[in-house]
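Visitor: I would like a quick walk through this structure. Please show it first, then take my questions.

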Amino acid sequence: MKTILQHKLLNTLIISALLVTMSWTAAHAQTEEQRGFEISARSDRSDRGFGDSRVVLKMILRNAAGKETTRELVLRTLEIPDESLGDRSMIVFQRPADINGTALLSYAKILEPDDQWIYLPGLRRIKRISSVNKSGPFVGSEFAFEDLTASELNKYKYKFAGSEVCGQLQCDRVERYPQYKYSGYARQIVWIDQMAHQIRKIEFYDRRGDLLKTLLMDDYREYPGKIWRPHHFLMRNHQTGKSTELVYSDYEFNTGLKDKDFAKGALSRVR
Amino acid sequence: MRHLILFFAVLPLVADAYETKLSGFIGGELRYFVSDAQFENQFNGLQASLLLQPEVQLQADKGNNQFSFIPFIRLDSRDDRRTHGDLREAYWRHIDDQWELLIGVNRVFWGVAESNHLVDIINQTDEVEDIDREDKLGQPMINLSAQQGWGKLSLFILPWFRERTFPSKDGRLRSQPSVERDVMYESTAEQGHVDFALRYSHYLGDWDLGLYYFTGTGREPRFLLNESGAGLIALYDQIDQLGSDIQFTHGAWLWKFEGIVRSQNEDEFSATVGGFEYTLYQINDSAADLGVLLEYSHDTRDEDPAKAPPVIFDDDIFLAARLAVNDTQDSMLLAGISIDRNDHSSVLSIEAERRFGSRWSVELESRWFMNIKEETLLASLKKDSYVGLKLLRYF
């Protein structure tokens with residue numbers, strides 16, 4: 001009897017242990033994805049609530065031999081509070097001089113291709129363009145269009161991949177997998193700091209799974225309303241040896257931009 | 001002229017208080033005609049030009065008041081009517097929350113097609129610049145627009161008509177006989193006839209749509225022989241025109257349509273152009289994009305240039321490829337051929353463009369008239385195939 005009882009007890013113990021292990025594993029697996037999402041959501045939402053912004057930026061393109069070309073543009077953004085919709089942005093080129101006045105209007109979508117129009121000042125023409133080319137280089141730079149616009153939270157699936165020191169900060173490492181069509185990436189690894197919850201570094205892996213590019217973001221400045229913005233981006237392409245640097249001026253927030261300033265018809269008058 | 005002087009006198013004063021921007025370009029163009037001329041008087045060989053287009057833009061009140069001033073000058077070595085100046089823009093624009101008002105000279109482009117700019121009607125064509133009808137003369141106007149959630153409504157009052165420019169008797173790429181400087185109008189108000197246009201445009205999902213009505217002096221003239229029979233007189237009729245441009249953008253496809261219905265010289269006709277542009281992105285794992293374009297134009301107007309304005313694209317297929325290299329110099333190549341379905345007369349165009357440094361750009365433009373039949377509209381151009389090179393410095 002005693003042995004049977006002991007046996008039964010042992011069985012129960014083993015089963016319980018097994019159950020605990022299983023549920024712990026399940027809980028842990030869920031945590032990695034949830035945790036990845038939560039870290040990314042906190043980071044993304046920490047940038048929200050800015051209303052609208054205007055910033056001038058300089059784009060420095062370097063080829064493998066180090067030869068530089070520079071572009072200057074004005075970026076205006078209108079925040080759309082609904083997370084299931086993307087923000088609206090208007091880019092106006094100022095330099096080089098021959099493309100001065102060329103403007104690009106984008107209505108970002110989450111999983112669908114964006115709506116995009118380009119204004120060609122030579123012909124005074126507004127043209128709706130295809131936006132499926134998310135992975136192509138943006139104006140000859142190492143930034144693909146998706147690198148500039150795809151910060152919307154729901155564009156990815158996430159997975160927490162550990163914590164580590166990044167510069168002087170402690171960072172969470174999150175893997176993210178593009179869910180939108182036509183992405184040029186199989187996955188990205190994002191380093192988000194635990195202090196201000198801002199992205200410090202991104203590694204881009206191409207569709208073959210090879211490391212394609214690394215983006216470093218620094219010179220973060222805090223604006224009223226706890227809004228952080230990086231003012232320096234460095235994108236290195238490991239496969240071509242080319243790089244692109246973005247240098248931002250100070251941001252202006254709540255400049256009074258409205259829907260009408262991001263209407264298709266506004267392209268011909270934006271400066 | 002007095003207004004112009006006043007404008008320049010006041011300009012430096014207001015420039016301090018306003019945000020001012022000076023830009024524009026200066027450059028040279030060289031055209032080489034590969035064959036000797038078909039007609040007497042026409043020159044052979046090289047045609048050189050100097051170009052200048054400064055652009056002054058001012059804005060005040062956070063951009064809610066904008067001023068633009070863009071004169072243009074071309075000096076041509078061979079054709080005294082190609083030597084010309086124009087005020088491309090000189091306007092004041094006020095932007096309000098619900099509406100915007102523009103008074104002055106401006107350029108407005110409507111349309112979606114690449115080969116044939118059928119619905120584009122506000123501005124007169126500056127034909128001595130290029131035969132592709134993409135260069136336009138500045139049009140005086142009062143333009144009131146309202147941008148709402150349901151679209152944009154735009155009213156144009158056009159108080160002064162601009163006559164089309166034509167090459168002189170000495171020039172290449174002209175009709176035979178050449179177009180005289182004398183013009184005729186159907187309206188007794190002549191150039192002073194006030195024209196109107198009302199346009200609605202909007203976009204819904206993948207669709208972009210424009211619809212307009214124009215009434216007034218038609219921009220395209222008919223041509224009558226003058227008394228001596230040695231020249232053509234341009235005759236500008238009063239017209240009514242309904243036009244529409246539609247684009248459906250889906251994936252890498254752009255589907256395009258333009259259509260007009262016009263009454264002119266007691267006749268009524270319609271014309272359409274439709275087709276697609278399909279882009280192959282990052283060809284061969286490079287950064288370059290290759291676009292393939294196919295368009296078809298059809299026009300039902302009278303073929304007699306004395307009865308209706310002459311039109312090349314009456315039953316024509318246009319096939320083209322556009323290569324955007326996507327490099328730091330924004331190199332671009334466009335090659336297209338337009339073929340008449342009836343007589344197989346063809347025009348091949350090759351255009352290439354590239355930037356050098358940060359301020360220079362070079363453009364190559366070449367047109368080849370091939371298989372041109374005697375009795376067609378293009379017959380006077382059959383010896384006018386040329387290669388052109390344009391070097392511009394932007395400032």
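Guide: A residue counts as exposed if 12 or fewer other C-beta atoms lie within 10 Å of its own, as buried at 20 or more, and as partly exposed in between. Keep in mind that this is a predicted model.

Visitor: Is G162(A) buried or exposed?
Guide: G162(A) sits in strand β7 (residues 156-166) of chain A. Around G162(A) there are 10 other C-beta atoms within 10 Å. The limit for this class is 12 or fewer. So G162(A) is exposed.

Visitor: How far apart in space are G162(A) and Y251(A)?
Guide: In sequence, 89 residues separate G162(A) and Y251(A). In space, C-alpha to C-alpha, the distance is 32 Å.

Visitor: Which residue of β10(A) stands opposite I192(A)?
Guide: Strand β9 (residues 185-193) of chain A and strand β10 (residues 199-206) of chain A run antiparallel, joined by 7 bridges. They form a hairpin with 5 residues between them. In that turn, H197(A) has a positive phi of about 60°. The residue opposite I192(A) is I199(A).

Visitor: Which residue in the turn between β10(A) and β11(A) has a positive phi?
Guide: β10(A) pairs with strand β11 (residues 211-223) of chain A in the antiparallel sense, over 5 bridges. Across this pair, K201(A) stands opposite L216(A). The two strands form a hairpin with 4 residues between them. The turn residue with a positive phi, about 95°, is G209(A).

Visitor: How many residues does the largest nonpolar core have?
Guide: Its members with the most contacts inside it are A103(A), L105(A), I192(A) and L267(A). Leaving aside neighbours within four places in sequence, I192(A) is in contact with residues including I39(A), C171(A), V174(A) and I199(A). The number of residues in this largest core is 38.

Visitor: And how many are in the second, separate core?
Guide: This one includes L102(B), M141(B), L158(B) and F214(B). The number of residues is 21.

Visitor: What radius of gyration does chain B have?
Guide: Chain B has 395 residues, and a compact globule with that many would have a radius of gyration near 21 Å. The C-alpha trace spans about 60 × 60 × 45 Å along its principal axes. The value for chain B agrees with the globule: 22 Å.

Visitor: How many strands does chain B have?
Guide: Buried residues make up 35% of chain B. Of its contacts between residues at least 6 apart in sequence, 55% join residues at least 24 apart. The secondary structure comes to 1 helix and, for the strands, 21.

Visitor: How many residues does each chain give to the contact?
Guide: The contact takes 35 residues from chain B and 25 residues from chain A. On the side of chain B that touches chain A, the elements giving two or more residues are β2 (46-60), β4 (84-95) and β13 (238-250). That side divides into 10 nonpolar, 15 polar and 10 charged residues. Chain by chain, the counts are 35 for B and 25 for A.

Visitor: Which strands stand at the edges of the open sheet of 3 strands in chain B?
Guide: The order in this sheet is β8-β12-β11, with mixed pairing. Neighbouring strands are turned by 35° against each other on average, direction ignored. Each edge strand has a single partner strand, so one side of each is left without a neighbour in the sheet. The edges are β8 (179-185) and β11 (222-225) of chain B.

Visitor: What is the bridge partner of L225(B) in β12(B)?
Guide: β11(B) pairs with strand β12 (residues 232-236) of chain B in the antiparallel sense, over 4 bridges. Within β12(B), the partner of L225(B) is L232(B).

Visitor: Where is P177(B)?
Guide: The peptide bond from Q176(B) to P177(B) is cis, with omega near -5°. P177(B) has its place in the loop between β7 (151-158) and β8 of chain B.

Visitor: Is R133(B) exposed or partly exposed?
Guide: R133(B) lies in the loop between β5 (99-106) and β6 (139-148) of chain B. R133(B) is not a glycine, yet has a positive phi of about 65°. With 16 other C-beta atoms within 10 Å, R133(B) is partly exposed.

Terms used: Residues numbered from 1 in each chain as written. Chains lettered and ligands numbered in written order. Predicted model: local features only at pLDDT ≥ 70, side-chain atom pairs only at ≥ 80, totals over all residues. Rg over C-alpha atoms; globule rule 2.2 N^0.38 Å. Contact = placed C-beta atoms within 7 Å. Nonpolar A, V, L, I, M, F, W, Y, C, P; charged D, E, K, R; others polar. Pairing = 2+ DSSP bridges. Core = buried A, V, L, I, M, F, W, Y, C linked by C-beta atoms within 7 Å. Axes fitted to C-alpha atoms, helices over the stretch in contact; angles between N-to-C directions.
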